[in-house]
Structures are given as C-alpha cells and as structure tokens.
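Open your viewer and get a selection box ready. We will take a short walk, one selection at a time.

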Amino acid sequence: MYPHERSLVEKLAGEPFVLIGVNSDKDREALKQTLVEERITWRSFWNGGSTGGPISTRWNVSSWPTIYVIDAEGRIRFKNVRGEKLDAAIDQLLREAREQSGGK
Amino acid sequence: MKPALLLAFLALCAPAQAAMSTPLGLVQAQQPDVLGELRAQWSAAAQALHAQSMDDREYEAKRAELLGRARALLRDDPRGELAVRTRIWVATSGLDRERGREPYYEDLFTKDLASPALGELVEALRPGSGPDARARLGTLVAKAAERSVRGRAMQMLAEHSRRELERLRGVRAGDVKPEALLGEFGAARVAALEELGVDGLEREYVAALERVVKEFGDVLDARGRAIGPRAEGALFEIQRLQIGMLAPDIEGEDIQGVPFKLSDYRGKVIFLDFWGHW
C-alpha cells in the first residue's frame, strides 16, 4: 500500500489534494520509526493506540485499510476504492474542484 | 475375618478408583478439545476435497466417522454444554446427511433454549450462512433464556439487514444480478425485500441497531467486546457516513502530538485512510 500512497502524494504535489491517515498502531514510538523507514510523509491522526480507538469506533471501521474519498466541499464521495479506481476517483474530484474554481 | 476386611477395604477404594480411571472421566476433562478436534478434522477434510488430495469416497468415510464421534458426544451427556455445542456444530455443518439439519435445530430450539452455549449458534448464523439463518436468529431473539444470546442474535439480525442493504444497493447499481439474491436470501425474503425497498430495509436496519443499543448495549460478543458501541458506530455510519453526505469532522492529534482537524483541509480533495502498520 505505501508505494501507491507515496506515488499519489508525489504525483499530486501542488494539486488541491491531501492524504490524511487515521493510524491504529499500538506503539507510538515504533510508529515514528516506521514513518521514517517507510518514508511516510503524510499526516495521520493518532487513534489512541488501538483498532478500537475513538476515531475508528465512531467511523464504524471494522476492516483495515478502510478508505474514504472526500471532495473539496467536504462531501463523502467514495468508500473503499482501491488501485486504479482510487486513482480515477481522486482525478475526478480534482477535475470537479478545478471546474468549480474556474467557474467562479 | 481378614478376607472380609480386605473386601471392605476394596469396596471403599473401588468407587474412587473407578471415577479416576474411566474413559468417561477423561472425556469430560478434555471436552472442549474433543469437539474442537472434530471440527478441525472436518474443515481439513473439506479443504483436502477442494484441493483434490481427497476423493469423494474418502471424504464420505471421514464424514461418517466424524458423525459417529459427534453422536457419541451427544449420548454421553445429552443436555450438557458439550452436547449443545455438538448439536450446534452438526446442525450448522450439515454433517448428518441421513437425518438432515432440522432434528438438531428442533432440539436446540426446544430443549436447549436455556443454554448460554447458544451464543455459538448465533456466530454460525452470520450473513451468507443460508436463507434460513434470519428466521432462526428471530427464534433465538424471541425464545432464548439467556439475555446475552438474545442480544447477540439481535445484533446478528442487524448484520443480516446490513448485508441485504449492500446487496439491494448493488442490484440497483447494476453490480449484482437480482437472481443472485434468491440463492442467498431465499424466495420468501426476496419477496419481503421487494416490498420493503431500500428505504424500508434501511429503517428495519436502524430499528434493529437501536434495539441493540437500548436493550443489549452491555452484552459481550464472541471476542468479549460490548455490542452497544459497535451498534452505535453502525448507526452513525448509516446516518452520517453515506456517499453524498458532508463528512463529519475529526478532531485529534497527529503522531507527533500536534492537534489538528480534518476540516483544516476543506477545499482539498481528501484521501482519508484508516491504516495500521501490521
């Protein structure tokens, strides 16, 4: 998963796009090490050190990874899209965002 | 006098010795493992058949052997917990081709209704386990003596509604063929689903979840977690996390401890990824 995420973040640098994680690891210090080793540059919420943490419980996440794609206006537009479908979803929403700002 | 004393001594010792050394005593001490081993052998046989390292005849012989051993467990102590769990296994696995599943279910739903072990039956009746599962869960909700069994059955009914909702939406989107629903849910339920429609089914799902939260919130599931918070999460998902809805804000801190909010990134396309490094 990381290589795909890394390439998305690199490819879309400068676009109105952001990858935000909600991380459910147990050990925060070990995770900090992982961020460096795996070159994970995007920001993540700390879910309290558990898959049963407050954010994943509220969002009813029971399988990992769970993915939401949210448009520039803050609306949930896609859930659990992966691979090419994920790329296409993000491209579509970026296009919409460009059309909107261009139209204004 | 001496032989009589000896006899009396032996008579005193005999019951204790018998209790320690009978096969029955040993079986009772190892009960959970006995059933677990039978189940493991049955799933290994199914895998071997699938991988074609076992042919139909060998598979059938294994089934007959395991059924014989399951019946022996049922005979030992017909109303004990091990027997209830064995009945659940035979009923849900379909191990007994001669008598079928129904006699076992009939027993479970008449004589075993007070058993806490029925929680295992709830797990076996998960979505995808056959068209009869829903009706059987309904029986458990109505009749099981243990509140934990009733609560877990209610929660599993909600899981069924969730699954049906997914499939109905799939049909509507053209991803799922309507005929596929017949095999999964049965003709009677499909007719009921047509009547309910997506909106009606969603109301049914929400009602089931609300009942779990209100009546059974503190009941523990098979993994020992309370079922209330999970039902609340499912309610939140259906009421706030559907496609087209405004994403609820998340407030928290990042891995370094710096506070931030999801809404800080309004105006950008957000790929929100619930992840873990494991």
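Begin by colouring the two chains apart: in this predicted model, 30 residues of chain B are in contact with 45 residues of chain A. Stay on chain B and select α12 (227–240), β1 (251–253) and β3 (269–275), the elements that each give two or more residues to the side touching chain A. Which of them gives the most? That is β3(B), with 7 residues. Now colour this side of chain B by residue class, and you should find 18 nonpolar, 6 polar and 6 charged residues.

Next, keep β3(B) on screen and add residues 66–70 of chain A, which make up strand β3(A). The two strands run antiparallel and are joined by 5 bridges. For a single pair to zoom in on, pick I70(A) and I270(B), which stand opposite each other.

Now widen the view to the sheet around them. How many strands form it? There are 5, in the order β2(A)-β1(A)-β3(B)-β3(A)-β4(A), so listed for an open sheet with mixed pairing. Select residues 43–46 and 76–79 of chain A to see the edge strands, β2(A) and β4(A), each of which pairs on one side only. Look along the sheet as well: on average, neighbouring strands are turned by 25 degrees against each other, direction ignored.

For the last stop, select β1(A), residues 17–23, together with β2(A). Here 4 bridges join the strands, and they run parallel. Label V22(A) and F45(A) to finish: F45(A), in β2(A), is the bridge partner of V22(A).

Note on methods. Residues are numbered from 1 along each chain as its sequence is written. Chains are lettered from A and ligands numbered from 1 in the order in which they are written. This is a predicted model: local features need pLDDT of at least 70, side-chain atom pairs count only at pLDDT 80 or more; totals for chains, interfaces and linings use all residues. Two residues are in contact if their C-beta atoms, placed from the backbone, lie within 7 Å. Ala, Val, Leu, Ile, Met, Phe, Trp, Tyr, Cys and Pro count as nonpolar, Asp, Glu, Lys and Arg as charged, and the others, Gly among them, as polar. Two strands pair if DSSP finds at least two bridges between them. Axes are lines fitted to C-alpha atoms, for helices over the stretch in contact, and angles run from 0 to 180 degrees between N-to-C directions.
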